[in-house]
Amino acid sequence: MTTDQKIWANSGDSHLMEPHDIFRENLPPRFADRMPRGVLDEDGQFETISVDGQEFRRKVPFAKRPMVDPETGRGVFERAPGSNDMRLRIKDLNQEGVWGELVYTSIGMWMHSMRDPLLMLAGCEVINDWAIEYQRFSSRYVCTAMIPTLSLETALSEVERSADMGFKIAMLPTSPTLAGPNWNKDDWHPLWALLAETGMHVGFHAGSDPHEADTFNGTYHRGPGGHLLNYYEASYHMQLAAAKLVASGVFERHPTLKCVVSEGGATWVPFMADRLDEAYRQHVNQVWPKFNRLPSEYLFENVYASFQHDRSAPQALVAMGYRNVCWGSDYPHLEGTFGHTQETLHGLVDNLTAAQRDRILKGAFQELFPHVPPPPEDGTEPPEGGA
Ligand code: MN
């Protein structure tokens with residue numbers, strides 16, 4: 001591959017930006033007022049996310065250049081042109097060389113910090129009704145269905161409804177609730193069974209942990225290195241969520257169920273496989289349940305890991321035998337690759353074999369979502385229309 005040839009890649013980690021009035025347009029005010037919303041401080045440096053009466057304060061982690069909206073005087077994010085437009089988005093993708101996309105929500109991820117199951121169900125329904133229109137616009141968009149996990153009943157009803165609507169993947173938080181039974185507990189057996197039955201995959205995304213404002217604003221990592229520690233810990237929560245599915249036998253019971261871990265790198269998978277296998281072999285008396293295969297086999301086969309910039313990630317496949325390494329753009333978030341996608345891709349894969357390159361940039365995604373048409377040949381421009 002020459003360094004100036006256009007590379008095409010599928011993305012295992014992208015986002016849609018919900019319209020700011022999505023809840024007001026679709027819910028009575030007494031519900032809409034309690035839905036997640038973010039407001040930037042005037043200088044664009046801090047953000048307050050309000051979720052059902054709780055307020056989460058954080059320094060904006062990705063304001064490369066703080067910008068101020070001249071009309072309102074408030075801080076705004078600088079976004080890619082197609083951020084809020086499903087048609088313009090195709091132009092951005094074509095320019096960057098991104099073909100199919102697994103598309104998560106943005107503000108919707110804060111829904112997991114709600115505490116009222118029926119309110120959360122109402123919010124997820126609104127976002128999913130909007131996201132499915134997005135998905136229907138282009139065969140290149142694979143949108144995630146937000147699943148309300150504060151109760152099993154609401155989770156099951158929204159999985160069933162979203163599968164009927166055509167969603168192929170359910171977004172779950174890294175823990176279903178703050179205090180209730182976690183993903184490894186038997187309580188969730190019906191959820192995994194229903195996902196397997198409907199053929200929907202599971203998507204875990206960084207930052208989707210349920211939070212409580214007191215903890216978030218108080219004891220969350222602060223002080224020297226605070227931001228780096230928080231960023232690292234966000235990937236750790238996703239790893240643990242995947243480990244819970246493996247260790248409790250979810251994939252043993254449902255071998256067709258697949259889980260994507262987005263925005264958390266890839267080399268943690270072979271690392272975790274070693275940890276789990278060692279315990280499984282050496283601690284025979286303590287391990288339960290027992291499996292027909294080693295934990296590493298479920299991890300390597302049922303779990304896919306999407307990364308953006310990680311220089312080490314291709315080595316998870318090349319040197320460690322983990323084939324489900326999947327690149328992702330994180331479009332249109334500013335920690336993603338918009339504006340430098342081609343440079344990033346060339347840097348990551350130019351020294352790989354064609355088979356390795358194809359697996360990471362195209363094949364792993366296509367295995368998850370075979371209904372998405374394959375990307376154009378490398379070095380070519382997209383077909384007319386391209387949607
Ligand atoms: Mn992302």
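Trainee: Which residues do ring pairs link into a cluster?

Mentor: This is a predicted model. Aromatic rings pair if their centres lie within 6.5 Å. Ring pairs of this kind build a cluster from Trp 130, Tyr 134, Phe 137 and Tyr 141.

Trainee: Which residue lies over the face of Tyr 141?

Mentor: Tyr 141 belongs to that cluster. A charge sits over its ring face, 5.7 Å from the ring centre. The residue is Arg 89.

Trainee: Why is the pair of Trp 8 and Trp 99 stacked or edge-to-face?

Mentor: The count of aromatic pairs comes to 12. In the pair of Trp 8 and Trp 99, the ring centres are 5.9 Å apart and the planes stand at 85 degrees. Planes over 60 degrees apart count as edge-to-face. So this pair is edge-to-face.

Trainee: How many residues apart in sequence are the parts that this pair ties together?

Mentor: Trp 8 lies in the segment before β1. Trp 99 lies in strand β7, residues 98-104. The parts tied together are therefore separated in sequence by 91 residues.

Trainee: Is Trp 8 buried or exposed?

Mentor: Buried means under 20% relative accessible area. Trp 8 has a relative accessible area of 0%, so Trp 8 is buried.

Trainee: Which element supplies the largest share of the lining of the second largest pocket?

Mentor: This pocket holds about 360 Å³ of space. Its lining has 16 residues, and Trp 288 and Pro 289 are among the closest to its centre. Both α8 (226-247) and α10 (268-282) supply at least two lining residues. The largest share, 4 residues, comes from α8.

Methods:
Residues numbered from 1 in each chain as written. Predicted model: local features only at pLDDT ≥ 70, side-chain atom pairs only at ≥ 80, totals over all residues. Heavy atoms only, no water. Phe/Tyr/Trp six-rings, centres within 6.5 Å; stacked < 30°, edge-to-face > 60°. Buried < 20%, exposed > 50% of the residue type's maximum accessible area, 1.4 Å probe, protein only. Lys NZ or Arg CZ within 6 Å of the ring centre and 35° of its normal. 1 Å grid on protein atoms, 1.4 Å probe; cavity = no way out; pocket = protein on both sides within 12 Å on 5 of 7 lines; lining within 4 Å. Points joined across faces, edges and corners; volume = space filled by probe spheres on them.
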